[in-house]
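Here is a quick briefing to read alongside the structure. Have the view open and follow the topics one by one.

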Amino acid sequence: WRFNFACQKGDKRGCHQLGLLYVYAPKPKKDTDKAFKIFVKNCDGRHAASYFMPSWFYDGGISATIDAKKSLDMITKSCDMGYGAGCAEPARAYARSQNAQQDVKKEQIFTQKACPNGYFKSCLEAEKFYKRATDENYKKPIKIFDVSCERGIYEACCVVGAIDQNSLKDDKAAKKYYKNAASQRAKSPMKTQSAALNFSSG
């Protein structure tokens with residue numbers, strides 16, 4: 001594998017991709033023990049995505065002892081380094097009391113971090129934190145959803161359109177976003193969503 005050579009040369013991205021290959025490769029090349037060691041070593045090189053992956057091992061007891069606290073700590077570190085998926089996972093954990101005590105405030109903090117760090121689905125999840133917001137406060141969620149809308153998530157365009165129409169009473173702006181939503185959905189709803197979610201990989 002070419003990633004093996006890159007990793008040996010000290011390329012952190014190459015090491016991360018090599019770890020993923022060991023995780024997802026069909027047998028007999030699949031080797032979660034090797035993958036876990038690669039990810040943990042890569043954390044020393046400050047590779048954000050590699051901080052995210054060990055959490056999966058600690059959470060499921062795969063090639064590592066189950067440790068919910070360590071799992072959450074690793075994910076949180078990846079978020080601190082700007083890895084969007086690493087912000088989305090703690091948000092879910094705090095929402096569902098999974099590996100963490102339920103905490104709506106922390107859920108909101110991590111959800112709002114995930115969006116600008118490339119995990120655009122979190123822009124939509126952030127909507128619930130603004131349902132009771134005043135018209136003036138809608139400026140912030142519109143900015144958040146705009147990022148997702150521009151990346152091809154048509155639901156985000158609908159959210160902005162609804163805010164413009166129902167809260168800000170701006171039918172002209174709403175029509176623009178609804179038109180954009182229709183255009184995005186027509187292209188390929190599954191493709192645009194998966195592309196946005198994959199933005200933060202690697």
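## Cysteines, salt bridges and a helix pair

Cys43 is tucked away: its relative accessible area is 5%, which is under the 20% cut-off, so it counts as buried. Keep in mind that this is a predicted model. Three disulfides turn up in it, along with two salt bridges from a search of the whole structure. There's also a helix pair to look at, helix 2 and helix 3, whose axes come within 8 Å.

**Cysteine outside the disulfides**

- Cys157 is buried, at 0% relative accessible area.
- Cys158 isn't part of any disulfide, and the nearest cysteine sulfur to it belongs to Cys157, 6.8 Å away. A disulfide needs the two sulfur atoms within 2.5 Å, so 6.8 Å doesn't qualify.
- Cys158 comes out as partly exposed, with a relative accessibility of 32%.

**The three disulfides**

- Cys7 pairs with Cys15, with an S to S distance of 2.1 Å. The torsion about that S-S bond is 95 degrees, and the link of Cys7 and Cys15 is right-handed. Cys7 and Cys15 are both buried.
- Cys79 and Cys87 make another disulfide, with their sulfur atoms 2.1 Å apart. Turn about the S-S bond of Cys79 and Cys87 and you get about 95 degrees, so this disulfide is right-handed. Cys79 is buried, and Cys87 is too.
- Cys149 is joined to Cys157, at 2.1 Å from S to S. Here the angle about the S-S bond is 100 degrees, and the link of Cys149 and Cys157 is right-handed. Cys149 has a relative accessibility of 1%, so it counts as buried.

**The two salt bridges**

- Some background for both pairs: side chains of opposite charge can pair when their charged atoms come close.
- Asp73 and Lys69 meet through their side chains in a salt bridge, 3.0 Å from N to O. You'll find Asp73 and Lys69 in helix 5 (residues 68-80), four residues apart, or about one turn of the helix.
- How accessible are these two? Asp73 is partly exposed, at 34% relative accessibility, whereas Lys69 is exposed, with a relative accessible area of 59%.
- Glu89 and Arg92 form a salt bridge as well, with 2.6 Å from N to O between their side chains. They sit three residues apart in helix 6 (residues 84-96), so about one helical turn separates Glu89 from Arg92.
- Glu89 is partly exposed, with a relative accessible area of 31%. Arg92 has a relative accessibility of 18%, so it counts as buried.

**Helix 2 against helix 3**

- Helix 2 covers residues 12-24 and helix 3 covers residues 32-43, and their axes cross at roughly 155 degrees. Angles over 145 degrees count as roughly antiparallel, so helix 2 and helix 3 are roughly antiparallel to each other.
- Which hand does the crossing of helix 2 and helix 3 have? The crossing of helix 2 and helix 3 is left-handed.
- On the helix 2 side, the contact is made by Lys12, Cys15, His16, Leu18, Gly19, Leu20, Tyr22 and Val23. Helix 3 brings Thr32, Lys34, Ala35, Ile38, Phe39 and Asn42 to the contact.
- Cys15, one of the helix 2 residues in this contact, is joined by a disulfide to Cys7.

Methods:
Residues are numbered from 1 along each chain as its sequence is written. This is a predicted model: local features need pLDDT of at least 70, side-chain atom pairs count only at pLDDT 80 or more; totals for chains, interfaces and linings use all residues. Side-chain values use heavy atoms; hydrogens and water are left out. A salt bridge is a side-chain nitrogen of Lys or Arg within 4 Å of a carboxyl oxygen of Asp or Glu. Buried means under 20% relative accessible area, exposed over 50%, partly exposed in between (1.4 Å probe, protein chains only). Axes are lines fitted to C-alpha atoms, for helices over the stretch in contact, and angles run from 0 to 180 degrees between N-to-C directions. Angles under 35 degrees count as roughly parallel, over 145 as roughly antiparallel, 65 to 115 as roughly perpendicular and the rest as oblique. A crossing is left-handed if the near helix is turned anticlockwise from the far one by less than a right angle, and right-handed if clockwise. Contact means heavy atoms within 4.5 Å.
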